[in-house]
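Work through the following exercises with the structure in view. Each task is followed by a solution in steps.

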Amino acid sequence: MRRLLTSLLSGVIVAGLLWPGLAEAKGASFSASVSRDKLEVGETLTLEVTLTVEDRNKISQITLPGHEGFERISSTKSSQMSFSFGSGGQSLQQTEVHTLVLRPTKTGALTITPGVLVYDGKTYNTRSLVVTVLKVGQGPKPPAQPPGGGASPFGPGFGGGGSGQPDPYDPFAGFNPFDMLRGGGVAAGDDDIVLRATVDKKKVLLGEQITFYVQVLTRFDIADFPTFNLPKLDGFWVEDLASPKRITPTVKYIKGVPYRSYLIRRKALFPVQTGKVTIDPVEVEIATGLGFLRSGRTVTRRSKPIEIEVLPLPTEGRPEGFPSMNVGEWSFDASASADRVPLGQTLTLRLRASGEGNLDSLVLPTLEEVDGFKVYEPTEKVTPKIQGTRFGGTKVSEVVLVPQRSGTLRIPRLSLAHFDPERGQYFVRRSDPIEIEVSAGAGGQAALAGGAAAGNGAPKGPTNLLDPEGLRTIRYSSDLRRVQPEPWHGPVFAWVLALPLGLFLAFLLGDRVRDHLQRRAGADPGRKAQGLARAKLKAARKLRKKGAWGEAFAETERALLDYVAEKSRIPARGMPRPELSSRLLELGFEPEAVDALCTVLERAETARYSPGEPTAEQVDSLLEKAAEVLAALADGPSGEVAR
C-alpha cells in the first residue's frame with residue numbers, strides 16, 4: 001500500500017492514500033484516491049474525489065468514478081476556498097471533495113472507473129483504481145507501526161501520532177469498528193465516527209478497581225464535544241483518572257486504516273454492592289469541522305450498556321471485623337510526634353496508609369482508649385495519587401493524646417487488614433508499639449527531690465504531679481488608671497472622620513471616568529478589540545519563542561477571529577471560511593483584507609494539524625502576516641455599517 005499526501009498552494013492539503021489518480025491543467029485539477037487497496041468482504045473503504053478550479057461557474061459536467069461491484073454506504077460533499085499570494089498577485093482556488101464510503105459485494109479485483117470533469121471546454125479524467133477484495137479472514141493485517149513521514153506545508157516531522165505499539169491500558173486493543181457494522185452496533189456508514197465506552201474487567205470482587213474508558217475513534221478531525229452525558233454509575237464509588245481539557249488525538253491503525261483516537265474520560269470505579277450492576281450508555285455530541293477540505297457537522301453517538309458481575313469477598317482467611325471496602329494493596333505504619341514529653345503536654349499519634357485502592361473508603365484502625373492517655377477524636381487527610389490507570393494515594397489519621405501521669409507510657413501495636421485482589425488473599429499490616437517517656441516537669445522534679453531530702457523516700461509507682469510554675473497566682477488588687485489619652489485628642493481621629501468623604505469622592509470620580517471610557521468605546525467599537533487582538537498576537541510571539549508552535553497558531557487564530565467578531569458583530573468562531581468571507585464582504589470590508597484574513601486563518605489551521613514541524617522563519621512570517629491583516633481590517637467598515 002502506498003501513501004501520498006499532496007500539498008496544494010496556500011496551505012490546502014488534499015490527502016490521497018494508495019494509487020492516487022491525478023489529472024491537472026492550468027486552472028483545474030481532478031483526482032481520485034481510495035483509503036485501501038486490499039480488504040475483505042463486508043469491510044468498507046473510502047473513495048475521495050477531489051476537484052480544484054479557479055471558477056466554479058465554468059464547470060459544465062461532473063461525473064464521479066464508477067464503482068461497479070461496490071455498495072455505496074454513504075456519500076458526503078464539502079467545499080473549500082483558498083487564497084495564495086505570489087509574484088503574479090493573488091489567486092483564488094475552489095476545492096470540492098466528494099467522499100464515498102463503499103462496501104464490496106463480491107471478491108476479486110474490482111475496478112473503480114475514471115471520473116469525468118468538463119471545465120472551461122476541456123475534459124479531465126481521473127485514473128482507474130483497482131481494489132482487491134478477499135474472503136473473510138484473508139485480509140492484510142494492520143502494520144506493527146504506522147507509516148512515518150508524510151507531506152507537510154512546513155516539512156516532515158510536524159505534529160505527532162501513535163507509536164503503533166500496543167497500549168496495555170488501551171480499551172481499543174483488538175477492537176474493529178467494522179465488526180460493529182456487522183453486529184448492528186451503529187448505523188451503516190457510521191464507522192468513520194465511533195463512540196465506545198468500555199471497562200478493563202467485567203467480573204470483579206467487591207471493592208476491586210474497574211477502569212472505565214470513554215473514547216472516540218474517527219476518520220475526521222474533531223472540533224469539540226459540545227455535550228457529554230455520563231451515566232450516574234449507581235453501585236460504584238467513582239474517582240476521576242483523566243478528563244482532558246484539550247482535544248489531543250493519538251493515531252491508531254485498525255486493519256491498516258489510520259484512525260484518530262480521542263480520550264474523553266477515564267475513571268476508576270469501585271463496586272460497593274454485589275451482584276449484577278449495569279453501566280448505562282454514554283451519549284456524546286461530536287462536532288467535526290477542523291479538516292482542511294471538509295465542512296463541519298455535528299453528530300450524536302451513544303454507546304452500549306455494560307454489565308458488570310460483582311462477586312463477594314472470600315470468607316476463607318477473613319479477619320474478624322474486616323471492613324468490606326479495605327480492598328487493594330496497602331502499607332501501614334504508626335508514629336508519634338515525640339518520644340519524650342512533660343506531663344500535661346499534647347502528643348500527636350500519626351497513622352499512615354499508602355497504596356492503591358478506594359482511598360476515601362479505606363478504614364484505618366481507631367484508638368478508643370490508651371492506658372495513661374486521654375484520647376481525642378482523630379482527624380483524617382487523604383492525598384490522592386494516580387499512577388497510569390491505577391488510583392490510590394495516602395491516607396493519614398492524626399490522634400491527639402494527652403498524658404495523664406508521668407513515667408513510661410506505651411501505645412500498643414495497631415493493625416490494618418486489607419484484601420489484595422491481585423494475590424487473592426487477606427493481609428494484616430501491623431505497626432510497632434511506641435513508648436513515650438512522660439516527665440513530671442521542673443516543679444514536679446523539685447518536689448520529688450524535696451520529699452526525698454525530708455526523709456519521705458522516693459515515691460513508689462507512677463506519679464501525677466502538675467507543674468506549679470505553670471499556674472498563675474491570684475491577683476488581689478489592681479490599679480485602674482488610664483494609660484492612654486482619649487482617641488479624639490490624637491491626629492489620627494481627624495483622618496478617620498475624613499476617610500468616608502474621601503472614599504465617596506473617589507467613587508464619584510471613578511464613575512465619571514468609567515462613563516467617559518464607555519462613551520469612547522461606543523464611538524469606536526473596534527479600538528478596544530484591536531488592542532486585545534494585538535495583545536494576543538504578542539502572546540503568540542512569546543509562545544513561538546518557547547517552541548510551542550501549536551499554541552502560537554491557536555492564539556493567532558483567536559486574535560483574528562475575536563477581533564472580526566467584535567468589529568463586525570458576527571459570530572466568527574466556528575463559521576465556515578466561505579460564509580465568513582461572504583459576510584465580511586457584505587458588511588463593507590475591503591476584499592483584499594478579507595482574502596488576506598482567510599489565507600492567514602487557513603495557514604494557521606494547516607500548521608496546527610499538519611504532521612510536520614515548521615521552521616522559525618515560517619512561524620515568524622505567519623505572525624507578521626497576521627499583524628498586517630489586523631491593520632488592514634481596522635480601516636473598515638465603520639461602526640455604523642457594522643451595527
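## Exercise 1: the sides of a helix

In this predicted model, helix H8 has as its buried residues Val619, Leu622, Leu623, Ala626, Val629, Leu630 and Leu633.

Task: Work out where the buried residues of H8 fall when the helix is seen down its axis.

Solution.
1. An α-helix has 3.6 residues a turn, so residues three or four places apart point the same way.
2. Seen down the axis of H8, the buried residues lie within an arc of 115°, so they line one face of the helix.
3. The face turned away from that buried side carries Glu617 and Glu624, which are exposed. Exposed here means over 50% relative accessible area.

Task: Compare the expected span of H8 with the distance between its end C-alpha atoms.

Solution.
1. H8 covers residues 616–633, which is 18 residues.
2. The expected span is 1.5 Å times one less than the number of residues, and for H8 this gives 26 Å.
3. The end C-alpha atoms of H8 are 26 Å apart, in agreement with the expected span.

## Exercise 2: two helices that cross

Task: Describe how helix H5 (residues 549–568) and helix H6 (residues 577–586) are placed relative to each other.

Solution.
1. The axes of H5 and H6 come within 12 Å and cross at roughly 40°.
2. Angles under 35 degrees count as roughly parallel; H5 and H6 are therefore oblique to each other.
3. The crossing of H5 past H6 is left-handed.

## Exercise 3: a sheet with antiparallel pairing

Task: Find which strands stand at the edges of the open sheet E7-E11-E12.

Solution.
1. The sheet has three strands in the order E7-E11-E12, paired antiparallel.
2. Strand E7 (59–63) and E12 each have a single partner strand, so one side of each is left without a neighbour in the sheet, and these two stand at the edges.
3. From one strand to the next, the twist averages 15°.
4. Strand E11 (residues 116–119) and strand E12 (residues 122–125) are joined by four bridges, with Val118 opposite Thr123 in E12.
5. Two residues lie between the strands of this hairpin, and Asp120 takes a positive phi near 55°.

## Exercise 4: a sheet with mixed pairing

Task: Trace the open sheet E15-E25-E22 and one residue pair in it.

Solution.
1. Three strands make up this sheet, and their pairing is mixed.
2. Strand E15 (203–205) and strand E22 (275–279) are the edge strands, each pairing on one side only.
3. Neighbouring strands are turned by 35° against each other on average, direction ignored.
4. E22 and strand E25 (residues 306–311) run antiparallel and are joined by five bridges.
5. Lys276 stands opposite Glu309 in E25.

Definitions and conventions:
Residues numbered from 1 in each chain as written. Predicted model: local features only at pLDDT ≥ 70, side-chain atom pairs only at ≥ 80, totals over all residues. Heavy atoms only, no water. Pairing = 2+ DSSP bridges. Buried < 20%, exposed > 50% of the residue type's maximum accessible area, 1.4 Å probe, protein only. Arc of directions from axis to C-beta. Axes fitted to C-alpha atoms, helices over the stretch in contact; angles between N-to-C directions. Parallel < 35°, antiparallel > 145°, perpendicular 65-115°, else oblique. Left-handed = near helix turned anticlockwise from the far one by under 90°.
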